Amino acid sequence: MTSILRPTIAALAIALVSGAASAQTVNIYSYRQPDLIKPVLDAFTAETGIKTEVLFLDKGLEERIAAEGANSPADVILTVDIARLTKAKDAGVTQALDDATVNANIPAEYRDPQGHWFGLTKRGRVIYASKERVAEGPISYADLADPKYKGKICMRSGQHDYNLALISAAIGHWGEAKTEEWLKGVKANLARKPDGGDRDQAKAIAAGECDIGIGNTYYVGLMMTNDKDPEQKEWANAIRVVFPTFENGGTHVNVSGAALAKNAPHRDDAVKLIEFLSSHKAQQIYAEQVFEYPVEPGLAPSEVVKSFGELKSDTLPLADIAKNRKAASEMVDRVGLDDGPAS
Ligand SMILES: [Fe+2]
């Protein structure tokens with residue numbers, strides 16, 4: 001849930017005093033919100049006696065570990081999105097982990113073939129459809145380019161990680177030429193220039209500005225249960241989640257995940273933490289805590305998430321999707337997606 005940025009916390013939420021960690025403490029550098037991961041970390045400590053220290057960052061995590069170099073206290077990296085996981089790997093701040101427990105718990109399509117990152121929870125990239133103005137029934141990713149939706153689609157920037165991953169998945173399924181034709185069709189169907197975050201697309205639907213939005217599943221849960229900003233409940237109430245699929249495939253999913261830091265000073269305990277995060281117990285806690293899906297096959301999500309309907313995840317490996325990112329980004333520019341519907 002990276003878009004819940006806290007501008008005041010450019011650096012850290014919980015001070016991690018370098019060198020203060022004992023041998024029985026795992027140091028976590030996290031892009032994930034502390035309150036989201038606390039329950040699962042508490043369970044880890046209760047089971048193993050190993051403590052955790054969390055350094056929460058909202059940007060510059062890879063750069064920080066790289067700058068700290070061989071003396072970095074980082075043991076484990078927690079983050080969201082395949083783009084950030086691969087960025088950490090490409091920045092050289094992770095190390096390979098070939099662990100039988102972790103590999104048995106996490107399906108191959110949700111982890112790096114070289115063991116540099118591991119998916120822990122899944123989120124679907126789905127359609128938010130107006131309850132009032134869109135008839136019930138399936139809508140595929142291909143349908144988003146159907147002229148019948150002209151002027152009806154809202155989305156955030158095509159250059160955002162979440163949309164780049166979706167377009168990368170489309171390239172994986174359809175190839176570049178067909179994906180580009182599709183993206184031109186999506187652009188022609190836009191109601192307005194891509195703008196805002198995923199939740200803003202639900203807001204726009206509630207306001208009648210468009211009928212169909214593209215967004216991640218967990219934001220729907222966050223809006224439905226938002227007591228701090230009850231207006232968001234109205235946005236959620238205006239939409240229905242539709243799980244689009246690729247032909248011969250499923251719904252595009254991305255992950256939150258973990259990586260073992262390159263110079264992990266407490267490597268053994270860090271591996272224990274990653275093993276724990278992949279375990280049935282941790283996956284159950286995660287499923288209840290965040291509005292995401294466990295990566296453990298067959299483990300049910302929370303009741304709120306179940307209410308969206310059934311997710312049939314696409315099986316295209318995330319590592320393959322990540323390889324198409326540059327092509328996707330160039331395509332977004334070529335098509336002028338972020339210019340909006342007018343050409
Ligand atoms: Fe997010």
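Which residue stands opposite Asn254 in β8? The answer is Arg123, and the views below start from that strand and work outwards. This is a predicted model, in which local features need pLDDT of at least 70 and side-chain atom pairs count only at pLDDT 80 or more, while totals for chains, interfaces and linings use all residues. Residues are numbered from 1 along each chain as its sequence is written.

**View 1. Strand β8 and its two partners.**
β8 covers residues 253-260; helices (H or I, at least four residues) and strands (E, at least two) are DSSP runs, numbered from the N terminus. Two strands pair if DSSP finds at least two bridges between them. On that basis β4 pairs with β8 in the antiparallel sense over 6 bridges, and Arg123 faces Asn254 across from β8. Strand β3 (residues 76-80) also runs antiparallel to β8, joined to it by 5 bridges. Here Leu78 is the residue opposite Ala258.

**View 2. The two faces of β8.**
In a regular strand the side chains alternate between the two faces of the sheet. Look for Val253, Val255, Gly257 and Ala259 pointing one way from β8, with Asn254, Ser256, Ala258 and Leu260 pointing the other way. Are these residues buried or exposed? All of them are buried, meaning that 20 or more other C-beta atoms lie within 10 Å of their own; 12 or fewer would make a residue exposed, anything in between partly exposed, with C-beta atoms placed from the backbone. Because 8 of the 8 residues of β8 are buried, the strand is largely enclosed by the rest of the structure.

**View 3. Leu78 and its surroundings.**
Leu78 belongs to strand β3. It counts as buried because 24 other C-beta atoms lie within 10 Å. Setting aside neighbours within four places in sequence, Leu78 is in contact with Ile28, Ser30, Tyr31, Arg32, Ile37 and Ala258; contact means that the C-beta atoms of two residues, placed from the backbone, lie within 7 Å. Leu78 and Gly119 are 41 residues apart in sequence, and their C-alpha atoms are 9.8 Å apart in space.

**View 4. Two residues with positive phi, Asp81 and Asn248.**
Neither residue is a glycine: Asp81 has a positive phi of about 80 degrees, and Asn248 has one of about 60 degrees. Asp81 sits in the loop between β3 and α3, whereas Asn248 sits in the loop between β7 (239-242) and β8. Their surroundings are worth a look too. Asp81 is buried, with 23 other C-beta atoms within 10 Å, while Asn248 is exposed, with 7 C-beta neighbours inside 10 Å. Gly119, 38 residues from Asp81 along the chain, has its C-alpha atom 8.9 Å from that of Asp81.

**View 5. The largest nonpolar core.**
A nonpolar core is a set of buried Ala, Val, Leu, Ile, Met, Phe, Trp, Tyr and Cys residues joined through C-beta atoms within 7 Å. The largest one holds 102 residues, of which Val76, Ile77, Ile153 and Ile274 touch the most other members. Helix α5 (residues 161-174) gives the most to this core, with 8 residues. Not counting residues up to four places away in sequence, Ile274 touches Val76, Leu97, Val102, Phe118, Ala258 and Leu260.

**View 6. The buried face of helix α11.**
In α11 (residues 280-289), the buried residues are Ala282, Gln283, Ile285 and Tyr286. Seen down the axis, these residues fall within an arc of 160 degrees, so they line one face of the helix; the arc is that of the directions from the helix axis to the C-beta atoms. They pack against α1 (34-48), β4, α10 (267-277) and β9 (293-294).

**View 7. Where domain 1 touches domain 2.**
The chain is divided into domain 1 (25-122 + 256-300) and domain 2 (123-251 + 312-339), with bounds from an automatic or database domain assignment. Their C-alpha centres lie 27 Å apart. In all, 14 residues of domain 1 are in contact with 16 residues of domain 2. On the domain 1 side, α3 (82-90) and β4 (118-130) each supply at least two residues, and α3 gives the most, with 3 residues.
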